[in-house]
Every structure is written in structure tokens, then in C-alpha cells.
Amino acid sequence: MDLDNLSFEMEELFEEALEQGLEDMEPLKAVVLPVRELVIFPDMVSPLHIDQEISLQAVELAQRDQLPFIALTQRDEEQESYPGPKDLYTVGTVVSLARTLHMPDGTLSVILQGNFRAQVTEYVQEGPVLIAEVEPLDDEGEENSLSEALTRAVLAMFEKVVQLNHTLPEEAYVYALNVTEPGTLANVIAQMLSLPSAQQQDLLETLNVVERLQKLSGHLARELDVLELETQIHDKVQRELDRSQREYFLREQLRAIQHELGETDAFTHDVIRIQERIEKAQLPDVVRQRAEEEMSRLAAMPPMSPEVGILRTYLDWLLNLPWSEATPDNLDLKHAQETLASRHYGLPKAKDRILEYIAVRKLAPEKSRSTILCFVGPPGTGKTSLGRSIAEALGRKFVRVSLGGIRDEAEIRGHRRTYIGALPGRILQTMRRAGTVNPVFMLDEVDKLGQDFRGDPASALLEVLDPEQNSAFSDHYLELPYDLSRVLFITTANVLYTIPPALLDRMEVIEFPGYTEEEKVEIARRFLLPRQLELNGLETHPLQFPSAALTKLIREYTYEAGVRNLERRIAGMCRKAARRLAEGKRPLRRVTPKMIERHLGPPRYLHDRLEQEDEIGVAMGLAWTANGGDLLPVEVALLPGKGNLTLTGQMGEVMRESVQAAFTYLRSVAESWKLDPQVFDKTDVHIHMPEGGIPKDGPSGGITLAVALVSAFTGSPVRHDVAMTGEITLRGRVLAVGGLKEKLLAAHRAGVKTVILPQRNEQDLPDIPANIRRKLDLRLVATMPEVLEIALRPPVKEPPSPEPDAPEDRG
């Protein structure tokens with residue numbers, strides 16, 4: 001038996017049952033046909049596409065056993081798996097297949113004819129095909145004046161719904177009008193309305209016709225309110241559109257008339273041009289509203305009004321700032337890695353941080369927050385140039401603002417428009433120059449910001465460099481929120497202690513240490529020399545710099561953490577070669593160490609700044625400066641006197657306190673060195689740090705001062721090939737210090753063999769280049785006795801002893 005014959009036989013069966021009355025109809029078995037997001041009502045026709053394998057099996061089972069179908073709606077519309085008895089409502093509609101169509105992909109398209117309501121009393125088969133015993137349900141209630149009134153009200157509201165809802169054809173109302181039974185009318189309208197399946201199921205389960213019509217009238221009233229609101233919104237939008245089109249048409253006519261009469265002046269032309277730019281610009285709603293308000297003021301002003309220039313300048317800034325224009329990010333990690341490697345040598349921490357930023361942007365572009373980086377290091381270490389390389393790797397625009405010497409807050413936030421000649425601050429000026437909302441924005445020399453009565457620019461930068469606030473940056477001139485959250489901010493500094501703590505807390509610090517000698521040689525070969533050959537026109541006659549020549553330039557003609565002066569010396573040699581070539585002389589081919597001294601003069605720096613032999617009272621310390629590390633010799637001289645202490649060499653307050661701590665430690669251990677305590681009261685101590693024109697400060701010279709004092713009082717020479725750094729306490733403990741890498745690089749440059757370091761700085765040693773660690777003998781100490789054991793030689797003279805007091809002259 002095919003499906004069409006089954007449908008025909010089931011239809012005859014249902015017609016006979018309806019003629020006898022549902023109340024007299026016995027419970028029957030029916031195959032359950034689950035439906036989702038659909039409720040089928042009696043007396044209605046609904047199409048259904050059957051693609052689930054179990055549903056197809058259910059159709060085959062009904063064909064084989066000649067069973068009817070009951071359509072039950074799923075409780076959870078999101079459930080994808082085949083529902084079970086608990087997943088289906090218990091009240092549904094017994095349906096027959098009015099038409100079937102087998103699709104090429106094996107699915108089945110059917111048209112269901114709803115016959116009567118039924119309720120599942122029990123399931124006689126629960127898998128895989130559901131078969132239930134169902135009990136027919138008949139409408140309750142009799143026709144009376146209330147049902148007639150509700151029928152008329154429902155028809156009236158349905159007529160309005162059909163008129164307002166363009167998805168319902170006009171024939172829908174005609175069809176409903178021809179229905180005579182109130183219950184059937186409720187079924188027809190409920191099926192046509194776009195109600196949620198839960199509300200439709202509630203109507204299906206309502207057997208009382210009057211109650212069903214009351215619920216349906218409530219749904220119709222709500223639907224009618226929504227449709228009327230939609231119509232009002234649509235009419236309002238249409239009116240606005242018509243008004244805009246009318247204004248545009250009139251303006252075009254006015255423009256044509258003025259053109260024909262030759263009456264178009266320059267002011268009117270500018271106003272029209274600015275208006276066109278506002279209409280074409282992609283501005284945020286708030287900005288567009290402000291622009292249109294200012295444009296209306298400008299159009300109403302006389303051309304000679306003094307405020308015309310102010311308004312035109314303001315509108316130019318609004319229209320020229322990038323509000324939505326952005327460059328697409330190049331998130332190719334391999335490309336970024338190759339770009340950074342081709343532009344810079346070394347700097348692994350900075351490069352890794354940029355690659356991590358690109359990786360996060362690639363995996364979570366919408367969730368990644370703006371990153372504020374701070375590159376800190378000596379001059380010439382590549383901070384600014386690395387920013388350009390980052391922009392190139394990301395495919396973004398690069399802009400830079402130098403903050404050195406800025407003392408006025410208005411330089412950052414701009415001036416208010418009440419001032420004559422007011423302009424936005426440097427932030428928005430630079431964003432306008434960038435032309436995109438996501439450039440790489442470098443704030444150079446952030447450690448050199450000033451402060452005076454005009455305000456604190458560092459405090460103004462707090463909003464710019466805070467990811468939680470810069471999405472609505474407020475400029476005094478613009479007076480509108482500007483989004484800086486997509487900007488990659490990079491700041492540079494030489495030192496950190498001059499940056500306010502609140503500003504420093506908003507930045508992720510990446511240190512740029514000084515380069516080693518080997519790194520400088522490699523940088524010169526890869527980058528400096530090719531650039532200078534190109535700049536000096538020596539590409540066809542290139543100079544060759546062997547390693548010995550580059551090493552001589554680095555050791556004897558430069559003394560820096562970066563490579564800026566090294567490039568100047570290479571440029572000097574290239575200019576000498578360019579002059580010889582321009583004069584027609586034989587060109588230079590190879591630069592030798594002797595040739596460097598002949599062309600650049602005698603060496604400017606001594607390679608070996610250490611003492612040549614061990615001396616008493618002279619110790620070599622290590623210092624950190626803005627230009628990298630440096631050696632810090634300490635000299636102590638003892639003179640007969642009254643226990644005075646003299647300090648020279650521009651020592652700062654912290655260093656003077658270190659002298660006091662070191663001297664107190666020496667006096668506390670005098671007995672262990674067999675020193676008479678009275679000797680300190682009879683001896684004047686003079687401590688001097690050479691290069692007195694340079695200020696010196698910090699606690700890291702504590703152990704150096706202590707070693708020099710102990711050496712002077714005990715007569716023990718200090719090893720000349722030993723340098724040291726560390727803070728000292730009154731009990732002789734050695735505390736950790738900062739700037740360790742720069743200090744060790746300075747020791748390596750100067751030829752130091754042994755360096756004494758605090759034990760607590762052991763965690764910083766992995767940051768030191770491996771070749772530096774191999775060449776230096778690093779001694780980690782925790783107390784002063786360990787320092788003195790390494791630094792001092794055996795005594796070569798007797799320690800000073802107090803002189804006896806002279807007899808009083810009683811004559």
C-alpha cells in the first residue's frame with residue numbers, strides 16, 4: 001500500500017468518526033510525528049519536510065500497520081536530537097497526509113491535514129518510533145451571545161492585523177470571514193498568526209471555545225499594538241526621508257538658479273562644500289550631530305563675522321580626523337619575525353613581546369586590549385627605530401611625538417575654543433597626520449616631561465595611556481570623545497625614576513640594555529656600514545671594515561651603550577673615502593687599524609681604564625648611568641687629624657649615607673682587623689670619586705667604599721683587576737642592586753677580570769649574555785668578609801696608630 005492510498009483510507013476513517021461525534025469515539029493507537037517550532041491545529045493544512053531517519057521510519061510503520069498520525073510539538077525548540085516522550089507535549093492534533101512527495105535526497109515532503117485534537121494517554125512503544133494511545137478531545141462550551149461577541153471582536157481585530165501585516169494576504173481575512181464555527185475560527189486565526197509555539201500550544205490545549213477566543217483576542221491585541229507601532233516608525237522614517245529629499249531637491253534648484261545668475265560667492269561655495277563633506281563623511285552619531293549643529297550656525301552667520309574662521313577651523317578638524325578609517329593588520333607571525341630580524345640585531349625581549357601581541361591579535365582580535373609599551377634604555381640602542389619596524393611588521397602607519405621639554409598640559413589636551421588661535425593637542429594633531437584610528441603611536445622621551453604653573457602634562461597622559469579610559473579621550477578643543485583604544489602606544493625613556501609612578505604603572509616596561517662588543521661589530525656589519533656606504537655614494541666602491549678595524553673603533557673611539565657614536569665614526573671614514581674618490585685619487589678599499597688613527601686622529605678613549613697595579617685605598621666600583629654602565633673608582637686618603645670626614649666628587653645624598661654606613665661598619669669590626677679604636681678619632685679621612693664634574697648618587701657603591709676604607713686603614717692593597725657593586729648594611733650584609741647588565745658590560749669593556757656581585761642578584765644573571773658570563777669571573781657574596789677576602793691582598797704596611805697626646809704647655 002502506498003502513502004496516497006494510506007492517506008485516502010485514513011481520511012475516510014476520520015470523516016466517519018467526525019460524523020459519529022468525538023465524544024463517542026474510542027481511544028486509538030497513533031504513530032507520533034514530532035514537529036518543531038510548529039503547532040498544527042484542527043481544520044488547517046500545514047506543509048512539513050521530513051528528513052530525520054526515525055520520522056521516515058514512522059511513516060513506513062504507519063503505512064505497514066495502517067495507523068493514523070498524531071502531530072506533537074517539541075517542548076524545547078533548540079533540541080536537535082530525536083525527542084522522547086518527555087520532550088513532547090501531551091496534546092496534539094491527529095492528522096492525515098493530504099499529499100506526499102519523495103525528494104531526490106531521500107527525504108519526504110508532505111502536506112498535513114489537521115483533523116481533531118487528541119491527548120496522549122500512554123505510550124505503547126517508545127523506540128525508536130513512538131506509538132501512543134490517544135484520546136480524542138472535543139470543543140467544550142455552547143454557542144451563546146458571549147461567543148458571538150468574541151467572534152465579531154476577533155474578526156475585527158484580525159481584519160486590522162491583515163491590513164497592517166504585509167506578510168498576510170488579504171484572502172486570509174476572507175477565509176476567516178467564511179468560517180461559521182467559533183472554535184474553527186479560533187483554530188484558523190491561531191494558525192495564521194506568528195505566535196511563539198508555546199502560546200500556540202496553549203491555544204491548542206484550551207478546549208473551551210469562549211476561553212480560547214478570549215486568549216486569542218489578547219494575542220491579537222498585542223500583535224495589533226506592535227504592528228501599529230511599526231507602522232508609526234515606518235511613517236516617521238518615510239516622512240524624514242521625504243523631507244530630506246525635498247530639502248535636497250530645493251537646494252539643488254537653488255544652486256542651479258544661483259549658478260545661472262552667477263551669484264554664487266566664495267562663502268556660499270565653502271558652506272556647500274563643507275555640507276557635502278559632512279554628508280559623505282563616516283562620522284559617529286554624536287560627532288555628526290555636533291558637525292551639523294556647527295554647520296547650521298556657520299550657514300546662518302554673515303560672511304564677515306569673526307566667528308566664521310573659528311567655526312570653519314573647528315569643522316575642518318572634525319572632518320579631517322580619522323573616526324573609522326583603519327588599516328588592516330598584517331598578523332603573519334613569520335612576516336613580522338623576518339621584518340624585525342632584518343631591521344634590528346639582538347633585542348630578544350622586545351621582539352618576543354611584539355610577536356606575542358600579534359599572536360593574541362590573531363587568535364582573539366575582538367578581546368585583545370590595547371597594549372602600552374615602554375622601551376627603556378640608553379641612547380642609541382634602537383628604541384625609536386624598533387617602533388618603525390613594528391609598524392612595518394603590522395602594516396600600520398607610524399607616527400611619533402617628542403615629549404622632551406613639554407611643560408604645558410594644553411600640549412596634550414589642547415586649548416579650549418574660547419582662546420584665540422586654539423588648536424587640539426599633540427595627540428589629536430598626530431592622529432590627524434596618521435589618517436587612521438590604529439597607527440603605531442610613539443611618545444618619545446616620556447621621561448623628560450616638565451611641570452610648572454601651566455599644568456602637569458604627565459597627568460594629562462594618564463588618560464591617553466590607560467586602556468580603560470582612552471576609548472573616550474577628551475580634548476579641550478574638540479569637546480567630543482575620541483577613541484584611542486585601537487592605537488598601539490609605544491613610549492621611550494632613558495631612565496624610569498623621573499616618570500611619575502601613576503604613569504609608569506600604566507605601561508609595560510621593556511628594557512633595552514647596552515650592546516656588547518660582539519653585538520656592536522655585528523650591528524656595524526649588517527646595518528651601519530651598508531647605510532653609510534649608500535649615504536656617501538660608495539656603493540660602487542665599497543669600503544671593507546675587517547673585525548680588527550671595527551674593534552678599534554668601538555674600543556678607542558667610542559664609549560657608549562648604543563651604537564650612535566660608532567655610526568658617526570664609520571661615517572667619518574666613509575667621508576674620507578668619498579673625498580679621495582671625488583678628487584680622482586685611488587679609492588680606499590680596506591680600512592686597517594693604522595689607517596683609522598691616521599684619518600680620525602689619536603684614540604679618544606683609553607681601552608684600559610683600570611689601575612695598572614694594586615694600590616692601597618683605591619677600589620673600583622661599577623655604576624649605572626643613562627648612557628649605560630661605567631666604572632666608578634673610589635680613593636681614600638688618611639691624614640693625621642681629629643676624625644673629620646671629607647667627601648668630594650659630587651656625591652649625592654644617598655651615596656653620602658652609604659659612606660657613613662661603610663665607615664660605621666669598619667669601626668664595628670676594627671678589633672677583628674687589629675685596629676685601635678682610638679685611631680678613628682686621631683685620623684682625618686678624605687674620600688674622593690674622580691671625574692668630579694659628574695654628579696654621582698645611589699647605594700650600589702656601598703661595598704666599594706667599605707673595601708677602600710678597610711684597605712686604607714689596614715694597609716692591604718686592593719686587587720686592581722677586581723670591580724664590585726653592592727649596597728652595604730651596618731651589619732656588613734650585601735644587598736641587591738639594579739642595572740646589573742649595564743654594569744657588567746662596562747666591566748667587560750674596561751678589561752675587568754673579576755666582578756663581585758650581591759648573592760641576591762643571582763636571579764638576574766640569566767639576562768647577561770653568555771659570552772660576558774664566560775669572560776668574567778663573577779663572585780656572588782652575601783657579607784662583607786667574603787668581599788674583603790676576594791678584593792684585598794695581604795697587608796704591606798702597618799695600620800696607622802694613634803699618636804700620643806702632646807704635653808700641655810703650662811708655661
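Which strand gives the most to the lining of the second largest cavity? In this predicted model, that's strand 14, spanning residues 618-625, which puts 3 residues into the lining.

Let's stay with that cavity for a moment. Searching the whole structure turns up 3 cavities of 30 Å³ or more, and the second largest has a volume of about 70 Å³. Its lining includes a run of acidic names, among them Glu611, Glu613, Asp614 and Glu615. Val618, Ala619 and Met620 also line the cavity, along with Val718, Arg719, His720 and Val722. Sorted by class, the lining comes out at 5 nonpolar, 5 charged and 1 polar residue.

On to the aromatics. The whole structure holds 7 aromatic pairs, and Phe663, Phe680 and Phe713 come together as one aromatic cluster. Two arginines also sit over ring faces, as the table shows.

| Arginine | Ring it lies over | Distance from ring centre |
|---|---|---|
| Arg417 | Tyr314 | 3.8 Å |
| Arg432 | Trp317 | 4.3 Å |

Finally, have a look at Pro302. You'll find this proline in the loop that links helix 9 (285-300) to helix 10 (307-320). Is Pro302 buried or exposed? Pro302 counts as exposed because its relative accessibility is 52%, and the cut-off for exposed is over 50%. If you want a feel for distances, try Pro302 and Leu788: they are 486 residues apart in sequence, and their C-alpha atoms are 87 Å apart in space.

Terms used:
Residues are numbered from 1 along each chain as its sequence is written. This is a predicted model: local features need pLDDT of at least 70, side-chain atom pairs count only at pLDDT 80 or more; totals for chains, interfaces and linings use all residues. Side-chain values use heavy atoms; hydrogens and water are left out. Helices (H or I, at least four residues) and strands (E, at least two) are DSSP runs, numbered from the N terminus. Buried means under 20% relative accessible area, exposed over 50%, partly exposed in between (1.4 Å probe, protein chains only). On a 1 Å grid over the protein atoms alone, a cavity is a set of points where a 1.4 Å probe fits but cannot get out, and a pocket is an open set with protein on both sides within 12 Å along at least five of seven lines; lining residues have an atom within 4 Å of a point. Grid points are joined across faces, edges and corners, and a volume is the space filled by probe spheres set on the points. Ala, Val, Leu, Ile, Met, Phe, Trp, Tyr, Cys and Pro count as nonpolar, Asp, Glu, Lys and Arg as charged, and the others, Gly among them, as polar. Rings of Phe, Tyr and Trp (its six-membered ring) pair if their centres lie within 6.5 Å; planes under 30 degrees apart count as stacked, over 60 as edge-to-face and the rest as tilted. A charge sits over a ring if NZ of Lys or CZ of Arg is within 6 Å of the ring centre and within 35 degrees of the ring normal.
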